[in-house]
Amino acid sequence: MGDAQVDGLPEQWVAPERLWRFRLPSNGVGGVAVSQEIVVVSSRDASDKADQFFILDATSGLELASLRYDSSLKLDYGNSPRATPVILEDQVLTLGAGGELHAISLEDGSVRWKKHLVRDFEGVMPLWGYSSSPLVVGERVIVQPGGANTGWVALDLRDGREIWRTPGRPGAYASGLLVDWRGEPQWIGFDHQSLGAWDAVTGRRVWEIKPDVGGDFNVPSPIVLEDKIFVVSENNGARLYQLPKTDDPRGVPRGIAASDLLMHDSNSPVRVGRWVAGIDGSLVVLDPQNQLALHARWEDPTVHGFCSLIADNTRLLVTTSKGVCILLKVSEQGIRELGRTVFEESEGDMLAHPAFEKGVLFVRGPSWVDAYQWNE
């Protein structure tokens with residue numbers, strides 16, 4: 001996934017202007033990562049036998065460094081990496097669909113350390129490949145091999161040395177969220193069967209919630225809304241949980257609302273102001289302050305199937321798999337379209353999450369990654 005919560009989406013519609021294009025050897029589904037004037041995007045080589053990651057200058061689109069390693073896979077939806085890279089101050093963490101984890105220096109593009117979630121930690125690769133981005137907590141990077149004794153593993157960010165491992169189930173596809181709860185760092189995420197929280201210092205599981213109906217793929221990432229958690233899945237719909245109070249001895253969230261208006265297997269919801277928004281055949285905006293009541297619905301023939309959402313406090317940027325980009329305003333009065341554009345058409349769907357940084361939209365097409373300046 002890309003960064004779904006941003007600042008500074010345009011107040012009014014002005015057609016974006018393309019700044020640069022970088023050609024990629026193949027299509028992919030991994031989100032575009034942007035930080036510190038650096039863009040990182042994943043791909044596969046033309047022979048489909050190796051993963052490739054490209055580090056680009058965000059201003060010019062020029063290639064600064066790249067990583068290539070052999071990776072033999074045969075997955076649905078292609079074999080390219082799924083997880084969005086994580087850019088840090090002086091390095092970037094990348095994860096391939098087969099479990100290849102690399103820490104790459106942003107100074108010279110060299111590999112500082114590498115691990116393999118299956119070979120090094122007896123991990124169980126999910127059916128459609130490893131997809132959740134690594135979590136960084138201080139000097140630790142936390143990954144989800146999904147093994148019986150290595151549900152999660154913490155590594156030293158400096159050299160990849162193992163710090164702890166904790167038992168667990170096979171992994172999910174959604175990326176987790178870091179929270180500070182009761183003064184301790186925790187992350188909230190999924191495994192193959194349940195939603196849960198884990199202690200980031202020790203790896204101990206703090207709580208788990210199994211849904212009423214099994215079989216969810218657990219692809220959409222959760223959202224933390226102050227003291228609540230919002231999740232959505234294809235079999236159990238949208239759910240809102242109240243996080244436990246600090247003096248609660250059980251410490252397990254309780255369900256406080258549910259809705260079947262959002263029941264999707266891959267579109268991640270976003271927070272927009274006081275509401276949450278998601279895609280399920282149309283754009284649906286729910287009110288978490290009113291039992292997930294429907295605030296607004298927006299129908300459009302282009303908004304169906306897989307879509308990516310980027311939001312700030314009042315606006316939504318919707319990018320469809322067919323390359324239509326729509327800017328919407330969400331208010332008490334409902335949803336209003338501000339404008340739209342169609343990215344250059346090319347063969348194949350656009351399934352990678354874009355990124356928005358400092359007025360520039362970075363979007364990945366079937367064979368390219370583009371930067372668009374959004375002038376107001």
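## Cavities

The structure holds three cavities of 30 Å³ or more. Keep in mind as you look around that this is a predicted model.

Let's start with the largest cavity, which has a volume of about 60 Å³. Its lining is made up of F190, Q193, S194, L195, I209, P211, D216, N218, V231, R239 and Y241. Sorted by class, six of the lining residues of the largest cavity are nonpolar, three are polar and two are charged.

The second largest cavity encloses about 50 Å³ of space. Around the second largest cavity you will find L95, L117, Y130, S132, S133, P134, I142, V143, Q144 and W152. How many nonpolar, polar and charged residues does the lining of the second largest cavity have? There are seven nonpolar and three polar residues, and no charged ones.

## The largest nonpolar core

Next comes the packing of nonpolar side chains. The largest nonpolar core has 21 residues. Within this core, L283, L316, L328 and I335 are the residues with the most contacts.

Which elements give two or more residues to this core? They are the strands β22 (270-272), β23 (275-279), β24 (283-287), β25 (293-298), β26 (307-311), β27 (315-320) and β28 (324-331). The most generous of these is β28, which gives four residues to the core.

## Aromatic pairs

Aromatic rings are worth a tour of their own. The structure holds 11 aromatic pairs. One to look at is F343 with Y372: the ring centres are 4.9 Å apart and the planes meet at 45°, so this pair counts as tilted. The angle falls between the cut-offs, since planes under 30 degrees apart would count as stacked and planes over 60 as edge-to-face.

Where do the two partners sit in the chain? F343 belongs to the loop between β29 (334-342) and β30 (355-357), while Y372 is in strand β32 (residues 368-373), so the pair ties together parts that are 29 residues apart in sequence. Both F343 and Y372 are buried.

## A ring cluster and a charge over a ring

Two further ring features round off the picture. Y77, W128, Y173 and F217 are linked into a cluster by ring pairs.

The other feature brings a charged side chain to an aromatic one. R21 lies over the face of W368, at 4.3 Å from the ring centre. If you have the model open, R21 and W368 are a good place to end the visit, with the arginine set over the face of the tryptophan ring.

Notes: Residues are numbered from 1 along each chain as its sequence is written. This is a predicted model: local features need pLDDT of at least 70, side-chain atom pairs count only at pLDDT 80 or more; totals for chains, interfaces and linings use all residues. Side-chain values use heavy atoms; hydrogens and water are left out. Rings of Phe, Tyr and Trp (its six-membered ring) pair if their centres lie within 6.5 Å; planes under 30 degrees apart count as stacked, over 60 as edge-to-face and the rest as tilted. Buried means under 20% relative accessible area, exposed over 50%, partly exposed in between (1.4 Å probe, protein chains only). A charge sits over a ring if NZ of Lys or CZ of Arg is within 6 Å of the ring centre and within 35 degrees of the ring normal. On a 1 Å grid over the protein atoms alone, a cavity is a set of points where a 1.4 Å probe fits but cannot get out, and a pocket is an open set with protein on both sides within 12 Å along at least five of seven lines; lining residues have an atom within 4 Å of a point. Grid points are joined across faces, edges and corners, and a volume is the space filled by probe spheres set on the points. Ala, Val, Leu, Ile, Met, Phe, Trp, Tyr, Cys and Pro count as nonpolar, Asp, Glu, Lys and Arg as charged, and the others, Gly among them, as polar. A nonpolar core is a set of buried Ala, Val, Leu, Ile, Met, Phe, Trp, Tyr and Cys residues joined through side-chain atoms within 4.5 Å.
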